[in-house]
Every structure is written in structure tokens, then in C-alpha cells.
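Reader: I have a structure open and do not know how to read it. Where do I begin?

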Amino acid sequence: RMFHDDELEESEKFYVGQPRVLLLIYALYNTLVARSEMVCYFVIILNHMISASMITLVLPILIFLWAMLSVPRPSKRFWMTAIVYTEVAIVIKYFFQFGFFPWNKYVDYTKDKPYHPPNIIGIEKKEGYVHYDLVQLLALFFHRSILKCHGLWDEDEKGDSSSNKEDTDDELSLTGGRRDSSASLKSVNLAASVESIHVHFPEQQTAIRRKSSSSVSQLSHRSSFSSHRSKRGKCHETLIISHPAILFFSASYSVVKSHCCLCCFRTLQVYVPIRQFFYNLIHPDYSAVTDVYVLMFLADTVDFIIIVFGFWAFGKHSAAADITSSLSEDQVPEAFLVMVLIQFGTMVVDRALYLKKTVMGKVIFQVILVFGIHFWMFFILPGVTERKFSQNTVAQLWYFVKCVYFGLSAYQIRCGYPTRVLGNFLTKSYNYVNLFLFQGFRLVPFLTELRAVMDWVWTDTTLSLSSWICVEDIYAHIFILKCWRESEKRYPQPRGQKKKKVVKYGMGGMIIVLLICIVWFPLLFMSLIKSVAGITNKPLDVSITITLGGYQPIFTMSAQQSQLKDLNQTGFNAFLGSYRGNTAALQFLEGYGKEDITLADLEGNSNSLWTISPPSREKMIQGLLDFSAEFTVVLSWSIQRTLETVYPYYIKAPSDSLAKPIKQLLTGMYCRWENITVSLVKNVSDEGVREWWVLNQLGKRYKTSEESLELFIFSDKVSPPSLGFLAGYGIMGLYASVVLVIGKFVREFFSGISHSIMFEELPNVDRILKLCTDIFLVRETGELELEEDLYAKLIFLYRSPETMIKWTREKT
């Protein structure tokens, strides 16, 4: 060893010999120290998510538009701003907790109002008002201690002082001198004229190394005036003193002039550093190019999924539980539509900026998104949903993922876009994971087509859209073949050896089970969804209307609420026992439980008067007296029977609207249709003669002395609301939508293979893959003529089978 220290070696041995739990704690602490600034960002964002006020809104915006955009790291000025701002916020919140403020007297009434001014500002009285602010301050001081330990706390000031000592006045005038903005602005003579203040920004031709993120402004000023101008000034002073009137106007002018200079000074003090900061960001001298578009796209995708499954959290009415219940009713909620369109639009714009590689556009887009989303989430959304942001869990989750996207975008802006964008990120390696992910990506409807068209629109190329799509399709096809060839090399199959049983039963058995499940899925679904997951749909109203021979209805009655009774277990067992030996009835009753049966107790007295005309009354009497002719009774469920077997005791209420009598329970020797008696009651009073019909059931199970009717209703289970839109199609609908559609894809996989052998069975696709990659490369470098030549070569290759055979031979 070139260097050996016994103490260090003993320390290393002691550290390695510690328990694993303690080593894990050490590792977590070191990770916390290494990413202390990320801990501060997380705590600040978490505090804002929980508090959601204007006081806590400032620091998250500064994080995404200042701290994360600073190169190479946030300056001391930012951390001091965050610490001082947090301390001031704690003092302000503490001051407004006193009860003598008028809004603190009605806290219980105003605490849930999103637009109550104290709630918006963040000065409302509440329990634990300062807990997260204290945690935030603790995290900031922890990060400050870490920077001081590593000597990074005062590096900006040291760098600026050393550079100011070394730079001369001539170098500053030539390069625009990187002095500290505050020191330069303080040296400006406020008594001088506005024309004496000159702001110099570096031109694009003169590239300068960026010292630090804090020194971002330059000001040059004239240190002295010429002696000739000073003499003229003295002459003017003597003239002004000798004329009092002129002295008054001159003094007023001087005051106005000094105020104008002060305003210009304050404006420049704010504007110049900000402008210089973004100028250095857009025109860096050195940039560590990176590509985090995939992570930004994944963050946007997660936000898209949150919107789909939690769209109700972004609308006024939050009664709906999921999107399926709304779509099953053919309704598209406005909140869901707006959020989806906005999210999709931002993803398209982000893709366009990525393809154009414009950092300036990305900076503008970042500023608009940061201000727009924060304004919408914390000022517009609470008014739409009528609840505070801190009470909206789905919105908080969406905002947190969007903050991750903001951080990735800031990192992309700070490092710069890559100069080359070649292919899909899933095609960077050739293995099973990339193969299946890429094929899944291509199965998403319209995603491949949309990506291809967007790439063609925002990429410089001479190819037409059809030619572009052709190249993309060939590249995708060759990539899939390359993955299969690489898998064959990694897991070779010796020649003349049969396939192993693990492969045959693993792959083949899985496909067999999958096909069987697809074929029998509708039957299993319709059988299990109602028997296992079905819910009882009991009737709310049972109505009966009886009409004799087509005349005026003689009886109308309905049963609701207390007249609809449930069977207990004893009554249900007795009911089943009465059908012993009747196999058809018992088979029918197997699908029902006691909770599915409702006993309707209808009164025997009609609830309406019989208002029949005298001629119709006489005709009906004659028809009833004529025993040789048939006289029908029409029931409300459109079943016509003779008077002998007119009343069905048991009715089935299926999932549709048509109720039917249960034939299995109404036939055979054990049960028959029940008879009813019909009698006309006449009441003669001073008001006149009133008539109504009275019905009474003879064979009632629960016998009562009063005239009444009993009716058993068997309610079929219905699908849950979330699956109703799928089960509503029925078995034939599921066969048409599932079996036939999936069967079509499966048939395409097994048919037409012979027509694609010359393009599928390619032993070596490296040359074709390299040709596609060369097309992407020359397109990125701007060699558009060469792009046309290579594309023509690719087309010729697919048109010539002999050339394709030569190109795809194994290398020897």
C-alpha cells in the first residue's frame, strides 16, 4: 500500500463489525446528509399541501423557479431567504392566534370555508398551526449546518470577492464584468442623471464562465464626471442662488429627478438580476446534457391516472365514487373532461419542446405551469369543489406528483436538452422486459400513431408522413426480431433436441388456460357476478289492477313500505318444506334466499271508486250471467286468465322491468293458482250512491280475517353499480364484445403466417437495425439529403428478397 494508517484501518474494521441495523441507520443518515436540500424541498412542499395558504405559497414557487434552476446549487441568498421567511411566517401566525381578532370568534363556522380571507392568507386560528413550519425551519437549519461543515455556505461571497480583485476595469468593460448585483447597484450615484446608469448584458459572442448562481447581474457606471461638466455645474449653482424663483423650480425638479432615479434604481435592482439569471440559464457556457423526458412522461401519466380514477375530486359534486358509474349512464362529467384535456395538452406541449430542444420555450412553459397550476389548485379549485385544498386528498396527491414533474423539468432546464433523440426509450436494450413493454406500448390505441405524427411534425426531415410511418414500422418490427434473436442466443436450443416440458407446459399450458377462460368468461361472469357479488333489489311498490272483460278497472291497489314484509328464517324453512318432492320448485328455490323474498300485503278494498257508466254496467252483468261464454280477467302484468285461476301467488321480479309469475311454484299437486272472491259494495247516503269492489284471497298462508291479498315477490340479484355497465349487455352482448373481438386478434396471430415468412424469419437483423439507426442519426445532424438516400436504400432492401437474404445472413 502506498498509504497505510493503523487508526483508519481499525476504524474501518470497527465500522464493518457493527450490527446491520446500526449500519442501516448510518446509511440512512448519510443519505439524508447527501440529499439534505431535497429534504428541505419535500418539507416545504408538504407544509404547503397541508396548510394551503398564501403564506406557504411563496417558497414552493421559489423552489421551482429559483432554487432548482440555480447552477450548480442554490445560493446562500436563497437559503437565507427561506430561513428568514419561515421565521417571519411563524411570528405572523403566532400573532394572529389571539382571540381579540374578530375572525377568531367564529372559528368553527368559518374553518371549512375555502374563500374566508384568513383561511386564504393562512392566519386562521387552529390547533397545531405552527408544527409543520417548525419542522420546515428545522430542516432548513439542518441543511445550513451541512453546507457549513463542507465549506459551501460562504463560497459565493469568496468567489465574488476574489474575482472582483483580479478583474480590472478594462476587462469589466469588455466582458460585462461579473460583479455582484447588489454591490454594483449600491455604487450608483443617485444624484446623477438617469442617462448615467448603463446596464450591460453579455452578448452571445462573448462566452464567460459562470462563477456562481448568485452573481447574475452586471452594472457599469461612471465613477466621475469630467472637469468641464463639473465647472458648468458650479456656474449653474451660482446663477440659481442669485434668482430665488428659479431656485424653487430647480429644487422641485431636483426632488422629482431624485425620486425618478430612486424608482429606476429599485426597478433595476429587481429586474436586472432576474433577467441575468434567466439569460445565463438559457445561454450557459457549459451544460451537462441529460435526458429526463421519460421520467417527466411517467409523472404526467401518473397524474393522468389520478384524474381518471379520482375525477370527482376536481368537480363541484363529489358523490360519484368512480368514473365507471358515470360512463355507464352515458354521461361525461365536465370536471373529468376539462382535467383530461388540460393534462393531455401539457403532455403534447412537453413532447413538442423535447423534440425541438428549445430551452427558452421550456423555461417559459415552466413559468406558466408553475404559476398557473398553483393559482388554479389553491384559488380556483377550492371554490369549484366548495372545500379547502387541505381536505381534498386526491387533489393533494395530484399536486405532489406534479411537484415531482416540476423538479424534473427544472433539472432538464438546468442541464439542457440532449442533442440527439434516437428511437424509443424502450428500445435501448434487447431483452424480454423491453420487448414486452414495447409491445404493450404499441397495443395502446392511437398512442403509436400520435407519437409518430408528433415526431414528424416537430422534427426536421425530408420524408413524407407515410414514409416516416413506414420507417417507424420497420424499426419496430426489426427491434422485436432483434429481441427474439438475442433471447435465442442467451437460451440456445441444441439442434435435434425436443422442447423441454417446462417450456411446453409453462407457455402452452398458460395459453390453453387463457383461451379457455376467454371462451367461458361470459358464463362464469354472469353466474358469479349475481350469486357472489350480487345485491338484493327488493321492490318498493307492488301494484295490482284487475279489469273484467275490458271494462272499467274494478280493482286497483298498491303496497308500499310497511305492507312489504320480509320472511324470517322460520317462515322461509316452512316455505321450503311445503315443496318437498317438487324437484322443479326446489331447483328454482335454490337460487334464492330469505332476503330475496318479499311478502306484499295488499288491502282487499280498492283504493278508487268504480266509476262505470250504466250501459257498460248492464253489458258486464249480462256477460257474467252467460255461463256459456268466456269472460276474461286482465291483470296489470298482462297475463289473461279465467276467474278460476286468476291470481298468481308468486311473482318473479327480474333485473329487467317485466315481472312474471313463477310457473314452477304454481304447477303440480303441491300448489295451484289461488282463488279470490270478488264482491261489489254499494253505499247509499245523502251524497248519492257509491260503489266499489272488494277482493279477498281464499288460500292465504298468513291468514287474516280481513279482506286482503297476499303476494310473494322473488327479486333477482342485480350487478353492483360499478359493474352494471358491463353486465348490462347480457351473455350475448359479452360474447359479441369479448369473445369475438379477442378471438379476432387471436385468429390474426395464428393466420397469415405464410405471407410474412420472408420478413419474419430473418436470422440476423443487425445490418437492418443499423440502417434504421443511421437514418435517425443523419436526421438529427441535419444531413437531409443523406436521409433520403438511406430511406431509398431501406425501401429497396424490402423490395428485393435476394438482397434481404444477403443482408440477414449470419456473420461468419
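The dialogue below takes up a helix, some strands, a pocket and the cavities.

Author: Keep in mind that this is a predicted model. Begin with a helix. An α-helix has 3.6 residues a turn, so residues three or four places apart point the same way. Helix H17 covers residues 359-385 and is a good one to follow.

Reader: What span does H17 reach from its first C-alpha to its last, and what is expected?

Author: H17 has 27 residues and reaches 36 Å, close to the 39 Å expected at 1.5 Å a residue.

Reader: Where is the kink in H17 centred?

Author: The kink is centred on Trp376 and comes to about 35°.

Reader: What is found at the two ends of H17?

Author: At the start, Thr358 has a side-chain oxygen that reaches to within 3.2 Å of the backbone nitrogen of Gly361. Just after the helix, Glu386 takes a positive phi, about 60°.

Reader: Next, strands. What holds them to each other, in general?

Author: Strands of a sheet pair through backbone hydrogen bonds, either parallel or antiparallel. Both kinds can be found here. Strand E11 (residues 676-685) and strand E12 (residues 688-697) are antiparallel, with 10 bridges between them. A hairpin of two residues joins E11 to E12.

Reader: Which residues of E12 are the bridge partners of Thr677 and Asn683?

Author: Thr677 has Asn696 as its bridge partner in E12. For Asn683, the partner in E12 is Arg690.

Reader: And which strands run parallel?

Author: Strand E9 (residues 650-653) and strand E13 (residues 708-715) run parallel, joined by four bridges. Tyr650 has Phe712 in E13 as its bridge partner.

Reader: What is the order of the strands in the open sheet?

Author: The open sheet has five strands in the order E5-E6-E13-E9-E10, and its pairing is mixed. Its edge strands are E5 (564-566) and E10 (660-661), each of which pairs on one side only.

Reader: Now the empty spaces. How much space lies in the second largest pocket?

Author: A pocket is open, while a cavity is a space from which the probe cannot get out. The second largest pocket holds about 1,000 Å³ of space. Its lining has 40 residues, and those closest to the centre are Tyr293, Phe297, Phe425, Phe441 and Arg451.

Reader: Which helix gives the most to that lining?

Author: H14 gives the most, with eight residues. Helices that each supply at least two residues include H14 (293-309), H16 (334-356) and H30 (766-781). By type, the lining of this pocket divides into 26 nonpolar, five polar and nine charged residues.

Reader: How many cavities of 30 Å³ or more are there?

Author: The count comes to six. The largest cavity has a volume of about 150 Å³. It is lined by 15 residues, with Ala52, Pro114, Asn119, Ile120 and Phe378 nearest its centre. Helix H4 (54-67), helix H7 (117-121) and H17 give two or more residues each to this lining.

Reader: How does the lining of the largest cavity divide into nonpolar, polar and charged residues?

Author: It has 10 nonpolar residues, four polar and one charged. The helix from the beginning of this talk returns here: H17 gives the most to the lining of the largest cavity, with three residues.

Technical notes
Residues are numbered from 1 along each chain as its sequence is written. This is a predicted model: local features need pLDDT of at least 70, side-chain atom pairs count only at pLDDT 80 or more; totals for chains, interfaces and linings use all residues. Side-chain values use heavy atoms; hydrogens and water are left out. Two strands pair if DSSP finds at least two bridges between them. The expected span of a helix is 1.5 Å times one less than its number of residues. The bend at a residue is the angle between axes fitted to the seven residues ending there and the seven starting there. A polar contact is a pair of N or O atoms within 3.5 Å; within protein, one must be able to donate a hydrogen and the other to accept it, and residues adjacent in sequence count only if both atoms are side-chain atoms. On a 1 Å grid over the protein atoms alone, a cavity is a set of points where a 1.4 Å probe fits but cannot get out, and a pocket is an open set with protein on both sides within 12 Å along at least five of seven lines; lining residues have an atom within 4 Å of a point. Grid points are joined across faces, edges and corners, and a volume is the space filled by probe spheres set on the points. Ala, Val, Leu, Ile, Met, Phe, Trp, Tyr, Cys and Pro count as nonpolar, Asp, Glu, Lys and Arg as charged, and the others, Gly among them, as polar.
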